[in-house]
Amino acid sequence: MNGIPNSPQPLWRDTTIDSFPQLDRDMETDVTVIGSGITGITTAYFLVKKGFKVVLLEAGKVINGTTGYTTAKLSAQHGLIYDHLIRTFGKETAKKYYLANQEGLHYIDDIRTDLKIDCDFSYQPSIVYSAAPSGNRKIEKEAEAYKDLGIDGGLADNSVLPFPIQSAVKMNQQAQFHPLKYLKSLLIYLKQKDTHIFENTRAVDIKKGTLPEVKTRKGHSVLSDHVVIASHFPFKDLNGMYFARLHVERSYTIAVKTNGPPPKGMYLSTEEPKKSLRHALGSNGEELLLIGGEGHTSGQSENTYNHYEKLKEFAEKNFSVKDIPYRWSSQDISTLDRIPYIGPITRNNPNIYVATGFAKWGMSNGTVAGKVISDLITGNGSPYEKLFSPSRFNASQDVKNFTKENMDVAKELFKGKLHRKETDMENLQPNEGGIVNYRGKKLGAYKASNGGVSLVDTTCTHMGCDLQWNTAECSWDCPCHGSRFTPSGEVIEGPATKPLKNYHN
Ligand SMILES: Cc1cc2nc3c(=O)[nH]c(=O)nc-3n(C[C@H](O)[C@H](O)[C@H](O)COP(=O)(O)OP(=O)(O)OC[C@H]3O[C@@H](n4cnc5c(N)ncnc54)[C@H](O)[C@@H]3O)c2cc1C
């Protein structure tokens with residue numbers, strides 16, 4: 001792929017991580033945590049520290065969800081959010097959001113210090129910039145919001161980047177780190193404390209009650225006082241309407257070796273499609289510039305390779321590029337009002353918790369989620385309970401975005417297979433997927449590099465939307481709620497829990 005690795009090469013996943021067994025029996029424990037990304041592992045960590053027994057269930061390999069494919073900026077500067085939060089919710093809520101995320105940052109700093117984790121953690125300024133004059137007013141308003149809220153930062157010099165920008169707003173003393181080096185050590189800690197961690201163990205159902213029971217795909221169950229759904233998109237809804245309240249977006253990252261050192265600091269553009277920059281160390285200690293962005297609704301891009309090409313164009317225009325050794329992409333979830341849902345899944349299920357909707361800011365938010373949920377489970381309460389409550393309702397934001405989100409889903413459901421472009425099976429190139437007509441049925445076909453073909457029904461097993469082939473990641477992706485499947489139909493990520501119907505050709 002023209003100077004970009006042909007297949008995904010995620011930088012963080014170069015780190016070797018222990019393997020864990022599959023659950024092969026029924027169990028009882030204090031808390032069952034479902035999902036081993038930053039949210040699940042941090043929740044388990046805080047609970048174990050407080051003396052709880054935890055079972056951690058992971059559908060695939062640990063830290064191989066979005067957390068394994070992040071950019072890992074650790075910041076309370078979430079784009080231009082504070083002016084929006086003040087206008088929508090008022091100063092008190094905006095300040096709480098800032099404080100919660102600053103706490104998230106400092107928990108990671110404290111934990112890596114306590115456990116002596118070498119995870120390339122460093123404090124950096126975080127900067128949002130506008131490359132066009134039209135963004136200047138927004139930047140100014142965000143700087144005013146910082147002043148109102150007492151945030152350490154403000155307008156920044158517009159010579160901070162090696163290419164021309166119009167204006168910028170800076171937050172001081174933010175951070176970046178290597179998420180897998182950090183979380184790997186938390187898993188080692190959990191193991192030392194006799195926490196049961198299971199891989200290849202997909203939770204498929206939760207029977208609610210005083211002692212909720214988690215059922216796994218292999219038919220085992222875990223009974224506990226509390227369940228935490230840290231599966232990114234909640235795989236179980238329990239009438240919380242999450243499927244109608246969450247929006248999933250895929251975005252892309254390349255790691256670039258530049259001639260000369262990459263700029264220090266962390267950057268994000270205001271203009272769409274966004275560009276996100278930070279520096280990082282490669283596995284051989286070499287300095288890299290991570291360039292991310294090019295986001296779009298998951299499952300709604302005709303050719304996902306193009307997004308990497310666009311990032312490469314941006315890199316070549318603005319930096320002296322030597323090599324692009326890594327590329328990866330992943331997806332994250334937003335709520336209707338830009339504040340995550342962290343807390344009991346519904347008012348009627350106080351012992352089943354959810355943490356989702358981090359809007360690409362899950363390093364701090366996911367860590368805060370672990371603290372908030374563990375505080376609620378211990379009965380101590382949390383100063384952030386109301387802020388993040390999944391049962392909140394904000395008339396002005398929620399109604400508008402709920403309507404937009406669900407119109408989009410309805411459009412995808414209606415479109416179904418009607419407008420799908422078909423191709424002939426013989427025309428498929430190795431490693432290519434597409435819709436074919438097979439014995440009168442429209443099916444999804446994938447031709448492997450050895451010529452073998454997989455055929456699947458491309459109807460998503462979650463809610464029936466028609467899946468789109470993702471060229472760059474070789475997967476079938478749902479345009480409605482972000483479920484993803486391998487070419488042969490196995491679930492890569494939820495909310496779907498059932499595989500696609502596979503047709504043996
Ligand atoms: C390209 C990109 C860049 C980003 N950059 C940043 C950044 O710079 N800073 C920042 O703060 N945030 C960033 N984010 C966001 C951040 O990475 C995510 O919000 C965060 O990683 C989500 O963590 P999680 O633990 O909630 O989910 P995940 O890491 O996805 O973990 C969920 C886990 O649950 C498992 N699971 C799912 N269903 C089941 C089931 N039924 N049973 C058992 N296990 C299950 C999955 O396999 C997975 O391992 C970025 C996101 C993207 C997409």
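In this predicted model, the shell around the ligand comprises twelve nonpolar, 16 polar and five charged residues. In total, 33 residues surround the ligand, and the closest are T39, E58, T67, K73 and M363. Three elements give two or more residues to this shell, namely α1 (38-49), β15 (321-334) and α7 (362-378). Of the elements, β15 gives the most, with three residues.

Several polar atoms of the protein lie at short range from the ligand, as the following distances show. A polar side-chain atom of T70 is found 3.0 Å from an oxygen atom of the ligand. The backbone also takes part: a polar backbone atom of K73 lies 2.8 Å from a nitrogen atom of the ligand, and a polar backbone atom of A203 lies 2.9 Å from a nitrogen atom of the ligand. When taken alone, the ligand exposes 1,000 Å², of which the protein buries 96%.

K73, one of the residues closest to the ligand, also belongs to the lining of the largest cavity. A search of the whole structure yields one cavity of 30 Å³ or more, and the volume of the largest cavity is about 40 Å³. Besides K73, the lining includes Q77, G79, S126, I127, V128, M266, Y267, L268 and W361. At least two of the lining residues come from each of β4 (122-130) and β12 (266-269). By class, the lining of this cavity divides into six nonpolar residues, three polar residues and one charged residue.

The second largest pocket has a volume of about 580 Å³. Its lining consists of 25 residues, and those nearest the centre of the pocket are E302, R420, K421, Q468 and W469. The elements α9 (395-415), β18 (432-438) and β21 (468-470) give two or more residues each to this lining. The strand β18 gives the most, with four residues. In terms of class, the lining of the second largest pocket contains five nonpolar, twelve polar and eight charged residues.

The strand β18 also belongs to a sheet. Strands of a sheet pair through backbone hydrogen bonds, in either a parallel or an antiparallel arrangement. Here, four strands form an open sheet in the order β18-β19-β20-β25, with antiparallel pairing. The strands at the edges are β18 and β25 (502-503), each of which pairs on one side only. Between β18 and β19 (residues 441-447), the antiparallel pairing extends over seven bridges. Within this pairing, G434 stands opposite A445 of β19.

Some details of the backbone complete the description. Most peptide bonds are trans, and most residues other than glycine have a negative phi. Against this background, the peptide bond that joins E272 and P273 is cis, with an omega of about -10°. P273 is located in the loop between β12 and β13 (275-281). A cis peptide bond is also present from G494 to P495, where omega is near 20°. P495 lies in the loop between β24 (491-493) and β25; the latter strand forms one edge of the sheet described above. For H232, a residue other than glycine, phi is positive, with a value near 75°. H232 is placed in the loop between β10 (221-229) and β11 (247-258).

Definitions and conventions. Residues numbered from 1 in each chain as written. Predicted model: local features only at pLDDT ≥ 70, side-chain atom pairs only at ≥ 80, totals over all residues. Heavy atoms only, no water. Near = heavy atom within 4 Å. Polar contact = N/O pair within 3.5 Å; in protein donor to acceptor, adjacent residues only side chain to side chain. Areas by Shrake-Rupley, 256 points an atom, 1.4 Å probe, with all protein chains shown as cover. Nonpolar A, V, L, I, M, F, W, Y, C, P; charged D, E, K, R; others polar. 1 Å grid on protein atoms, 1.4 Å probe; cavity = no way out; pocket = protein on both sides within 12 Å on 5 of 7 lines; lining within 4 Å. Points joined across faces, edges and corners; volume = space filled by probe spheres on them. Pairing = 2+ DSSP bridges.
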